[in-house]
Amino acid sequence: LLSVVVAIIGSNLIQDMGFMITVSPQTGEIIHTQLLRQNFVPLANILGGFLFGLGIVLAGGCASGIVFRLGEGQAAAIIAIIGFFFGVVMTTDGIFHPVHQYLKGFTFEIAGMKNPAFWHLFGQGPMVKWVSIAIFSAIILAFVIKGKPKFGLTKTKTFSWALTGLLIGLLTMLGWWMSSYFGGFPRGLAITTPMRELFNAVLYNSTHSPFQEYSFLGIFRGTWGVYFIFSVPLGAFLSAKARQEFSWKIPPVGQFLTVFGGSIMMGVGAVIAGGCNLGHGITGVSPGAISSIIAITAIAMGQWTMSYFNFIKPMHDF
């Protein structure tokens, strides 16, 4: 919640102050850009988000979670990443593509906009926008304050949740700017599309993406999102090594099948919903997208549902 407040205020500030720019690779021209919002497709947002939430519990982590856990030495994360890719491709280009297209066809407009922000429920203009952001942030901060945030290190020398939330919010804001300035297009922090681009780059030496590609040592081509995906497990690995906590952890064989199935569900759900919990819950909410608010709510409901049947109900039955 703290990440969301920092991200929505910071991201909209850099946009309104004119810092969101893209440099044309052809002409070098500086183009002022805007934060992007996904179309509001409620049926896809809800069903895809709920499926993604169910998959989180079975896979043992969300889309970003399985990527950084690989850097910590969790062997199951390798299976989860492969399963996630399978789910993404099957839904983007494979057997679930018709379902994806069908659900995306149910668009909904608010104030004549296919990609509305929550402040468009109340009107148009900067005043309406910033008053809405202020009220939205105040409500969220009321919950944050109840958690008694402390910005520093814990007794075990790890980041406190408050410091972590603050840093993730700042990274979200910077992610919008960096992906626009260095990547040629404002994408922000996300996992789903960059994951597909990464596997395409490895398999075909092309991301098959409309986004600008960059060459690494002349042997690998990837988008800004691909290099972001590479960096997440690298950061986790460096952190784990610094704390002397890195070690390969091999789960029981049966767990691999559960993880693989859950990660496929996550991949399918992420594509249908239009993104993962990172892409919707923080990056997507930062420009106020109603689609992202609905999707992240559905993701939480899916996660709670699977947690109930996997953990809570068996305890009650026992």
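## A buried ring and its partner

F40 is buried, with a relative accessible area of 8%. Keep in mind as you look around that this is a predicted model. F108, by contrast, is partly exposed, at a relative accessible area of 45%. What kind of aromatic pair do F40 and F108 form? Their pair is edge-to-face, with 5.8 Å from centre to centre and 85 degrees between the planes. Those two values are what we use for such pairs: a pair of aromatic rings is described by the distance of the centres and the angle of the planes.

The pair links distant parts of the chain, since its two residues are 68 residues apart. F40 belongs to the loop between β2 (30-32) and α2, while F108 belongs to the loop between α5 (97-104) and α6 (126-146).

## More rings to look for

The structure holds 17 aromatic pairs. You can also find one aromatic cluster made up of F85, F86, F199 and F260. Another ring, that of F211, has a charged neighbour: the charged end of R187 sits over it, 3.9 Å from the ring centre.

## The largest nonpolar core

How many residues does the largest nonpolar core have? It has 32, and the ones with the most contacts inside this core are F52, I66, F84, I191, F228, M266 and L278. Several helices give two or more residues to the core: α2 (42-59), α3 (63-72), α4 (76-92), α8 (192-204), α9 (224-242), α10 (253-273) and α11 (277-284).

F52 is a good place to start exploring. Setting aside neighbours within four places in sequence, F52 is in contact with nine residues you can pick out one by one: A63, F84, M265, M266, G269, A270, C276, N277 and I299.

## Helix α7 and its surroundings

Helix α7 covers residues 161-181. At 1.5 Å a residue, its 21 residues should span 30 Å, and the end C-alpha atoms are indeed 30 Å apart, so the expected and the modelled span agree. Which residues of α7 are buried? They are A162, L163, G165, G169, T172, M173, G175, W176, S179 and S180. These buried residues pack against α1 (2-16), β1 (21-23), α9 and α11.

S11, in helix α1, shows one such meeting up close. S11 is buried, with a relative accessible area of 0%. Not counting residues up to four places away in sequence, S11 touches V6, L35, T172, M173, W176 and S286. S11 and T172 are 161 residues apart in sequence, yet 7.7 Å apart in space, C-alpha to C-alpha.

## Two more buried residues

I282 sits in helix α11. Is I282 buried or exposed? Its relative accessibility is 16%, and it counts as buried because the cut-off is under 20%. Apart from neighbours within four places in sequence, I282 is in contact with S3, A7, I168, T172 and N277.

S292 lies in helix α12 (residues 290-317). S292 is buried too, with a relative accessible area of 3%. Beyond residues up to four places away in sequence, S292 touches H280, G284 and V285.

## A small hairpin

Finally, turn to strands β3 (residues 213-216) and β4 (residues 220-223), which run antiparallel and are joined by four bridges. Across the pair, E213 stands opposite T223 in β4. The hairpin has three residues between the strands, and L217 takes a positive phi near 55 degrees there.

Definitions and conventions. Residues are numbered from 1 along each chain as its sequence is written. This is a predicted model: local features need pLDDT of at least 70, side-chain atom pairs count only at pLDDT 80 or more; totals for chains, interfaces and linings use all residues. Side-chain values use heavy atoms; hydrogens and water are left out. Two strands pair if DSSP finds at least two bridges between them. A nonpolar core is a set of buried Ala, Val, Leu, Ile, Met, Phe, Trp, Tyr and Cys residues joined through side-chain atoms within 4.5 Å. Buried means under 20% relative accessible area, exposed over 50%, partly exposed in between (1.4 Å probe, protein chains only). Contact means heavy atoms within 4.5 Å. Rings of Phe, Tyr and Trp (its six-membered ring) pair if their centres lie within 6.5 Å; planes under 30 degrees apart count as stacked, over 60 as edge-to-face and the rest as tilted. A charge sits over a ring if NZ of Lys or CZ of Arg is within 6 Å of the ring centre and within 35 degrees of the ring normal. The expected span of a helix is 1.5 Å times one less than its number of residues.
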